[in-house]
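Colleague: Got a minute to go through this fold with me? Put it up and I'll start asking.

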Amino acid sequence: MNQDELKALVGQAALQYVKPDTVIGVGTGSTVDKFIDALAASGIKIAGAVSSSVRSTERMRALGIAVLEASEVPALGVYIDGADEIDPQGHMIKGGGAALTREKIVADLAQTFVCIADASKQVPVLGKFPLPVEVIPMAAAQIARRFAELGGQAKLREGVVTDNGGLILDVHGLSITDPVAFERDINQWPGVVCVGVFARNKAQVCLLGTPTGVQQLQ
Ligand code: 5RP
């Protein structure tokens with residue numbers, strides 16, 4: 001099975017967490033695209049979805065899935081999203097698709113975060129994948145200097161402006177051994193909108209696509 005097929009496999013497997021007539025949270029990315037397609041094809045009728053990006057909103061609406069504003073929904077049972085890296089405890093790096101801020105907001109509304117990923121995303125320690133950080137434009141250079149003090153090399157993602165009007169720094173060379181403390185500390189830096197470590201609110205369930213089938217981590 002190639003990577004695309006593994007993504008389709010976990011996208012399909014995530015349907016078991018979708019309860020009919022409820023509102024669900026939906027993340028962003030190529031794996032989530034597979035989930036959206038599987039949901040539309042499944043015939044499961046949901047009350048709607050809160051979306052984490054313009055990309056996912058457009059895909060869902062095109063397939064007839066109702067999209068609701070986060071402000072209309074007090075809570076969600078489940079949030080389904082991909083990851084760029086996931087460690088054995090369910091801490092993740094996310095933001096490869098630049099949607100990390102809205103992803104963290106929608107994930108925070110949900111009782112259960114279900115991460116769907118192909119097995120290549122599993123790592124012992126977070127940091128090999130360049131860490132996405134959404135920043136206010138005027139703070140980008142200062143934040144890059146602060147990452148350099150931690151041994152990271154921050155590179156501006158050229159040509160990308162987020163759905164919120166922010167910029168993305170991709171930080172190379174980090175080894176994030178305490179993701180909870182790291183997320184908390186970087187979030188304090190002025191100008192940081194969102195750091196792409198999802199540790200305080202990590203995945204409770206991770207469905208990993210492997211050549212022998214879907215493995216559940218938690
Ligand atoms: C978008 C994300 C994605 O979930 C992450 O980049 C994984 O994407 P893909 O499923 O395409 O590999 O965090 O901001």
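Colleague: In what order do the strands of the open sheet of 3 strands run?

Modeller: Bear in mind that this is a predicted model. The pairing in that sheet is antiparallel. Strand S5 (85-86) and strand S12 (197-198) each have a single partner strand, so they stand at the edges, with one side of each left without a neighbour in the sheet. That gives the order S5-S6-S12.

Colleague: Which residue stands opposite Met-92 in S12?

Modeller: Strand S6 (residues 92-93) is joined to S12 by 2 bridges, and the two run antiparallel. Across from Met-92 in S12 you find Phe-198.

Colleague: Now the open sheet of 7 strands: which strands stand at its edges?

Modeller: The pairing there is mixed, and the order reads S3-S2-S1-S4-S7-S13-S14. An edge strand has a single partner strand, so one of its sides lacks a neighbour in the sheet. The two in that position are strand S3 (67-68) and strand S14 (213-216).

Colleague: And in which sense do S7 and S13 pair, parallel or antiparallel?

Modeller: Ala-117 stands opposite Leu-208 in S13. Strand S7 (residues 110-118) and strand S13 (residues 205-210) share 5 bridges, and the sense is parallel.

Colleague: What angle does the direction of helix H4 make with that of S4?

Modeller: Helix H4 (residues 100-109) packs on the sheet, where it touches strand S1 (23-26), strand S2 (48-51), strand S4 (76-81) and S7. Because 7 of its 10 residues are buried, H4 is largely enclosed by the rest of the structure. Among those buried residues are Arg-102, Glu-103 and Lys-104. With the direction of S4, that of H4 makes about 145°.

Colleague: Which strand gives the most to the largest nonpolar core?

Modeller: That core has 62 residues, and those with the most contacts inside it include Val-114, Cys-115 and Ile-116. Leaving aside neighbours within four places in sequence, Cys-115 is in contact with Asp-81, Ala-83, Ile-86, Met-92, Ala-203 and Cys-206. The strand giving the most to the core, with 6 residues, is S7.

Colleague: Last one: which residue takes a positive phi just after H2?

Modeller: Helix H2 (residues 30-42) reaches 18 Å from its first C-alpha to its last, close to the 18 Å expected. Its buried residues, including Phe-35 and Leu-39, pack against helix H1 (3-13), S1, helix H3 (54-62), S4 and S7. Just past the helix, with a phi of about 80°, comes Gly-43.

Technical notes:
Residues are numbered from 1 along each chain as its sequence is written. This is a predicted model: local features need pLDDT of at least 70, side-chain atom pairs count only at pLDDT 80 or more; totals for chains, interfaces and linings use all residues. Two strands pair if DSSP finds at least two bridges between them. Helices (H or I, at least four residues) and strands (E, at least two) are DSSP runs, numbered from the N terminus. Two residues are in contact if their C-beta atoms, placed from the backbone, lie within 7 Å. Axes are lines fitted to C-alpha atoms, for helices over the stretch in contact, and angles run from 0 to 180 degrees between N-to-C directions. A residue is buried if 20 or more other C-beta atoms lie within 10 Å of its own, exposed if 12 or fewer, and partly exposed in between; C-beta atoms are placed from the backbone. A nonpolar core is a set of buried Ala, Val, Leu, Ile, Met, Phe, Trp, Tyr and Cys residues joined through C-beta atoms within 7 Å. The expected span of a helix is 1.5 Å times one less than its number of residues.
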